[in-house]
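Ready for a few hands-on exercises? Open the viewer, try each task yourself, and then read the worked solution.

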Amino acid sequence: MPALEDSRLTVDDLIAWLVRFDDRIVEQADHLTELDSAIGDADHGTNMARGTAAVRSRLTDARPDDTGMLLKSCGMTLVSTVGGASGSLYGTLFLEMAKSVGTASELDTTVFAAAFRAGVAGVVARGRAEPGDKTMVDALQPTIEALDTAVAGGVPLADALKTAAAAAAAGRDATIHLVARKGRASYLGDRSADHLDPGATSAAILVQALADTQAERSR
Ligand code: ADP
Ligand code: MG
């Protein structure tokens, strides 16, 4: 049985998540930019890497006191550094998560799932993309559904996040066949099909980074 604290995300876990996210974005930056060069303007990798590096240094310079402060700081940093469509959308994801968690010092699976749902609702409200429009929402929406199923089944946090990461990856892969209806890629019409969406790819990296952080911790 995992210890109780393994079923909760602490401030340090969230920092470890975002540091790992930065590592993965740096590793995948060229790939993300290549995906964006096919159906966008070839900047998604550089946009994201600029943002995750800024988040990393902000969080490691001064450790936030609670999870809400941490998520808010991350969201504000992403808004001001990423640029592009994805900057305000990723920023909104974290700012809405911050509002949802308030001043909690730790997040259990239920609270985290609710926060992620609020974050994705913010992304949808801002970007007006629905599932199937070939955007980051195609990776984020399945993540919520997987988390909700895990919460309903009383699944431990690490397992919930593992399922969520698999769902995000499947959502990312499904964007290959879609025609973009939002964002720059939509300007291409039918020619946007047969390409992975860059934002869905970075969103799957985000969820996988959290799953990996938590898997390591509960081992
Ligand atoms: P830009 O398109 O401004 O160059 P990026 O290249 O950083 O910004 O990000 C592109 C990604 O942003 C897309 O692959 C898509 O996933 C996401 N995106 C664009 N517009 C929207 C939207 N309206 N709603 C959700 N996601 C969007
Ligand atoms: Mg772009």
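Below are four exercises on helix packing and ligand surroundings, all worked on a predicted model.

**Exercise 1.** Find out how helix 4 and helix 5 are arranged, and which residues join them.

Solution.
- Start by locating the two elements: helix 4 covers residues 84–101 and helix 5 covers residues 109–127.
- Next, look at the axes, which come within 7 Å and cross at roughly 140 degrees.
- Angles over 145 degrees would count as roughly antiparallel, and this pair is therefore classed as oblique.
- Now check the handedness: helix 4 passes helix 5 in a right-handed crossing.
- On the helix 4 side, the contact is made by S88, L89, T92, L93, E96, M97, S100 and V101. Helix 5 brings in a list of its own, including V111, F112, F116, V120 and R126.
- Finally, sort the residues of this contact by type, and you get 12 nonpolar, 6 polar and 2 charged.

**Exercise 2.** Do the job again for helix 2 and helix 3: at what angle do they pack, and what does A49 touch?

Solution.
- Helix 2 spans residues 44–61 and helix 3 spans residues 67–81.
- Their packing angle is about 145 degrees, and the axes are 9 Å apart.
- Helix 2 crosses helix 3 in the right-handed sense.
- Helix 2 uses R50, G51, T52, A54, V55, R58 and L59 here, while helix 3 offers L70, S73, C74, T77, L78 and T81.
- By type, the contact of helix 2 with helix 3 splits into 6 nonpolar, 5 polar and 2 charged residues.
- Then zoom in on A49, which sits in helix 2. Setting aside neighbours within four places in sequence, you'll find A49 in contact with D22, I25 and A29.
- Take I25 as an example: A49 and I25 are 24 residues apart in sequence, but their C-alpha atoms are 5.8 Å apart in space.

**Exercise 3.** Work out how helix 7 runs relative to helix 8.

Solution.
- Helix 7 is residues 157–174, and helix 8 is residues 198–217.
- They pack at an angle of about 160 degrees, with axes 8 Å apart.
- That angle makes helix 7 roughly antiparallel to helix 8.
- The crossing of helix 7 past helix 8 is left-handed.
- In helix 7, residues such as L157, L161, A165 and R172 take part, and they meet a set in helix 8 that includes A200, A204, V207 and Q214.
- The tally for this contact is 12 nonpolar, 3 polar and 2 charged.

**Exercise 4.** Which residues are closest to ligand 1, and which atoms pair up with its oxygen atoms?

Solution.
- Count the surroundings first: ligand 1 has 20 residues around it, and the closest are H44, A85, S86, G127 and D197.
- Then go through the polar pairs. In D36, a side-chain N or O atom is 3.0 Å from an oxygen atom of ligand 1.
- For D43, a polar side-chain atom lies 3.0 Å from a ligand 1 oxygen.
- With G199, look at the backbone instead: a polar atom there is 2.9 Å from an oxygen atom of ligand 1.

Notes. Residues numbered from 1 in each chain as written. Chains lettered and ligands numbered in written order. Predicted model: local features only at pLDDT ≥ 70, side-chain atom pairs only at ≥ 80, totals over all residues. Heavy atoms only, no water. Axes fitted to C-alpha atoms, helices over the stretch in contact; angles between N-to-C directions. Helix = DSSP H or I, 4+ residues; strand = E, 2+ residues; numbered from the N terminus. Parallel < 35°, antiparallel > 145°, perpendicular 65-115°, else oblique. Left-handed = near helix turned anticlockwise from the far one by under 90°. Contact = heavy atoms within 4.5 Å. Nonpolar A, V, L, I, M, F, W, Y, C, P; charged D, E, K, R; others polar. Near = heavy atom within 4 Å. Polar contact = N/O pair within 3.5 Å; in protein donor to acceptor, adjacent residues only side chain to side chain.
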